[in-house]
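Thanks for coming. I will go through one structure today, a few residues at a time, and then stop.

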Amino acid sequence: VFDVVAERDFPEALAASKARKAQLPRDACSGALVVSNTDHYFGDAAPRLAEAIAPFIARALGGECRKQ
């Protein structure tokens with residue numbers, strides 16, 4: 001699970017992300033990310049978002065998400 005929110009996301013989304021963080025699986029892949037300098041829609045941050053989630057996808061598809 002990779003929980004991604006924007007720095008200037010809706011207050012409800014930011015609060016929910018904080019609450020979910022403690023419930024994330026304890027494995028080598030799961031985590032949370034706040035994408036800086038963007039809002040809920042990510043606007044022109046798509047390249048930064050893709051760059052940030054690419055390592056997670058590679059680990060997940062590579063079978064590296066084993067429980068720690």
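**Notes on a predicted chain**

Let me start with G63, which is partly exposed, with a relative accessible area of 29%. What I am showing is a predicted model, so keep that in mind throughout. G63 sits in the segment after α2, the helix that covers residues 46-61. How far apart are G63 and C29 in sequence and in space? They are 34 residues apart along the chain, and their C-alpha atoms are 9.6 Å apart.

That brings me to C29 and the cysteines. How many disulfides does a search of the whole structure find? The search finds one. C29 is joined to C65, with an S to S distance of 1.9 Å. The two cysteines come from distant parts of the chain, 36 residues apart. C29 is in the loop between α1 (11-21) and β2 (31-39), while C65 is in the segment after α2.

On handedness, the torsion about the S-S bond of C29 and C65 is about -85°, so this disulfide is left-handed. Are the two partners buried or exposed? C29 counts as buried, because its relative accessibility is 3% and the cut-off for buried is under 20%. C65 has a relative accessible area of 25%, which makes it partly exposed.

Next, charged pairs. The count of salt bridges comes to one. R20 pairs with D3, and the closest N and O atoms are 2.9 Å apart. This pair also links distant parts of the chain: R20 belongs to helix α1 and D3 to strand β1, residues 2-8, with their positions 17 residues apart in sequence. D3 is the buried partner at 10% relative accessibility, and R20 is partly exposed at 34%.

So helix α1 and strand β1 are tied by that salt bridge. Now the strands themselves. How do β1 and β2 run relative to each other, parallel or antiparallel? They run parallel, and six bridges join them. For one position to look at on screen, take V4, which stands opposite L33 in β2. Taken with the helix, β1, α1 and β2 form a β-α-β unit, and that unit is right-handed.

Now backbone angles. Most residues other than glycine have a negative phi. Two residues here are worth pointing at on that basis. N37 has a phi near 55°, a positive value, and N37 is not a glycine. N37 lies in strand β2, and it is exposed, with a relative accessible area of 54%. The other residue is F42, also not a glycine, with a positive phi of about 65°. Where does F42 lie? F42 is in the loop between β2 and α2. Unlike N37, which is exposed at 54%, F42 is buried, with a relative accessible area of 16%.

Last, confidence. The average pLDDT of the chain is 94, and 99% of the residues score at least 70. Among the elements of the chain, β1 has the highest mean pLDDT, at 97, and α2 has the lowest, at 94. As a general caution, where pLDDT is low, the predicted coordinates should not be read in detail.

To recap two points before discussion: the disulfide joins C29 to C65, and the salt bridge joins R20 to D3. That is what I have.

Note on methods
Residues numbered from 1 in each chain as written. Predicted model: local features only at pLDDT ≥ 70, side-chain atom pairs only at ≥ 80, totals over all residues. Heavy atoms only, no water. Helix = DSSP H or I, 4+ residues; strand = E, 2+ residues; numbered from the N terminus. Buried < 20%, exposed > 50% of the residue type's maximum accessible area, 1.4 Å probe, protein only. Disulfide = S-S within 2.5 Å. Salt bridge = Lys/Arg side-chain N within 4 Å of Asp/Glu carboxyl O. pLDDT = per-residue confidence, 0-100. Pairing = 2+ DSSP bridges. Right-handed = clockwise from strand over helix to strand, strands pointing away.
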